[in-house]
Protein chains: 4
Amino acid sequence: MNRPVDVAETTFHVRYAETDQMGVVHHAAYVVWLEEGRSSWMRKHGSSYAQFEREGLLLQVSEVQLRYRQPARYDRQITVRCWVEELKSRQITFSYEVIDTESGMLCANGYTKHICVNREGQVTTLPERWRRFLGVSPGG
Amino acid sequence: MNRPVDVAETTFHVRYAETDQMGVVHHAAYVVWLEEGRSSWMRKHGSSYAQFEREGLLLQVSEVQLRYRQPARYDRQITVRCWVEELKSRQITFSYEVIDTESGMLCANGYTKHICVNREGQVTTLPERWRRFLGVSPGG
Amino acid sequence: MNRPVDVAETTFHVRYAETDQMGVVHHAAYVVWLEEGRSSWMRKHGSSYAQFEREGLLLQVSEVQLRYRQPARYDRQITVRCWVEELKSRQITFSYEVIDTESGMLCANGYTKHICVNREGQVTTLPERWRRFLGVSPGG
Amino acid sequence: MNRPVDVAETTFHVRYAETDQMGVVHHAAYVVWLEEGRSSWMRKHGSSYAQFEREGLLLQVSEVQLRYRQPARYDRQITVRCWVEELKSRQITFSYEVIDTESGMLCANGYTKHICVNREGQVTTLPERWRRFLGVSPGG
């Protein structure tokens, strides 16, 4: 695959509540960070997932995979890099890197897969307008 | 006020994700435990908050207050004691004690206040049927 | 009390994970936001709570109180305003307002009380250096 | 691989805080459930992860993978089935099924991989005593 060219970067500080008694960020917190990376990707491309939902569509998560490389720590600034890895008519894959901003250290990377469902929970095709919106990445 | 006589007790183990790098349970986790105490109160009285919502009603939290006494710790069994402290036509107050089951140590206590709203977000009177259900406590 | 003059403001977007099936932000998420408001207050005054902990001190939460005014919603930008309300030798009180940035609507307000403990869990006096740091507010 | 024979089952009710505005359980909550499944596995085999940590060892999560099949919902009872999938000298893999207890519906399944590290963060070999403890599964 080509190098992703349309990466959205989101930055925030690690919250204390996101740590656990191991003294580092709990592994489930990263899953929430990926989601914030996706939300930010959409905002930076001029729309929002809130708008997507207002049109009666939901991007249900069908799979998540994460590899943890180096622990993230409280108060550090984190950068989540997010891009569209693959776009099919009924499925979209986002990829992510979670980075300690200052040091550039990779904390984790992974992907999420999503299917498009309507309010009744039925799998549907991504509307053409949204396919174009999401397909700005060369992975599209 | 009289001693509460209709207390529902819920027990569960502290989850690792609920700890923080202080080595004890994060204070926000208790707020979730109180909610599980309320849910359990309703289940033990023969209904459920899920049923309440299916009837188009929501018990919106309008206030929460918690005093932390002794830190709860990972893997310990916790008992949440919950009762109806006060019942008004448009407001209900639940009180709680969070206890380390084995030692009997009080970890936290507090209350939550709730107003009844409909799906449009308008404050409404608690239906008579639900007032009776919730009013089993002498505080009612 | 005088009007607070040393307020730190923190902004962020509501995360999807912070909503619940009521369609608005879950009330426990605000408790985490207050904490991020405190962290930000310290960063903006030139130190950090991480530094505080590195010196072997912990600011244990002893009480939290929150009143919920208007529901916060997904994807909206939130501003947490935080200031030192009261500073005693062994206790500090922070106050907060949680605001929907764009509309200026007050979503919630409240306070947290903290005691200073050492790594062994013993209550201690706030070191003079930290009292000065925290006492920049007129509430100090 | 042989059919796992040493499965620990943990049951609990879905918490309201675990739902999101899609009306179902948020996908990050499952990651916490898996962890509770592991904790329960250890308790049911006569030890605890708390004991593991008291000996100065940590089971750091190095990878998580989850496939979401059917949404779990508020107030339903959930069963997490957990077993040791693979045991190496420095790595352990747990597998999981998340099931809606009453209907038997599979909500999600997946695995987590862990490495054993000491308090200094160095990767170490799992002590023989713990290998025996964890190796009760035929996958060991």
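Begin by selecting chains A and B: a turn of 180° with a shift of 0.0 Å along the axis lays chain A on chain B with an RMSD of 0.0 Å, where copies are superposed by least squares on the C-alpha atoms of residues with pLDDT of at least 70 in both. The same surface serves both copies, since 100% of the contact residues of chain A recur in chain B, two residues being in contact if their C-beta atoms, placed from the backbone, lie within 7 Å. This is a predicted model, in which local features need pLDDT of at least 70 and side-chain atom pairs count only at pLDDT 80 or more, while totals for chains, interfaces and linings use all residues. Residues are numbered from 1 along each chain as its sequence is written, and chains are lettered from A and ligands numbered from 1 in the order in which they are written.

Next, select chains A and D. Chain A superposes on chain D with an RMSD of 0.0 Å after a rotation of 180° and 0.0 Å of shift along its axis, which is the relation of a two-fold axis. Centre the view on A:Gln65, whose C-alpha, at 2.2 Å, comes closest to this rotation axis among the residues of chain A.

Now colour the strands of both chains; helices (H or I, at least four residues) and strands (E, at least two) are DSSP runs, numbered from the N terminus. An open sheet of ten strands appears, with antiparallel pairing and the order S1(A)-S3(A)-S4(A)-S5(A)-S2(A)-S2(D)-S5(D)-S4(D)-S3(D)-S1(D), two strands being paired if DSSP finds at least two bridges between them. Its edge strands are S1 (8-13) of chain A and S1 (8-13) of chain D, each of which pairs on one side only.

At the edge in chain A, S1(A) pairs with strand S3 (residues 77-87) of chain A in the antiparallel sense over six bridges. Select A:His13 there, and A:Gln77 in S3(A) stands opposite.

Move to the middle of the listed order, where S2(A) and S2(D) run antiparallel and are joined by five bridges. Here A:Val64 has D:Leu66 in S2(D) as its bridge partner.

Finally, select the contacts between the two chains: 14 residues of chain A are in contact with 14 residues of chain D. H1 and S2 of chain A each supply at least two residues of this side of chain A, and S2(A) gives the most, with nine residues.
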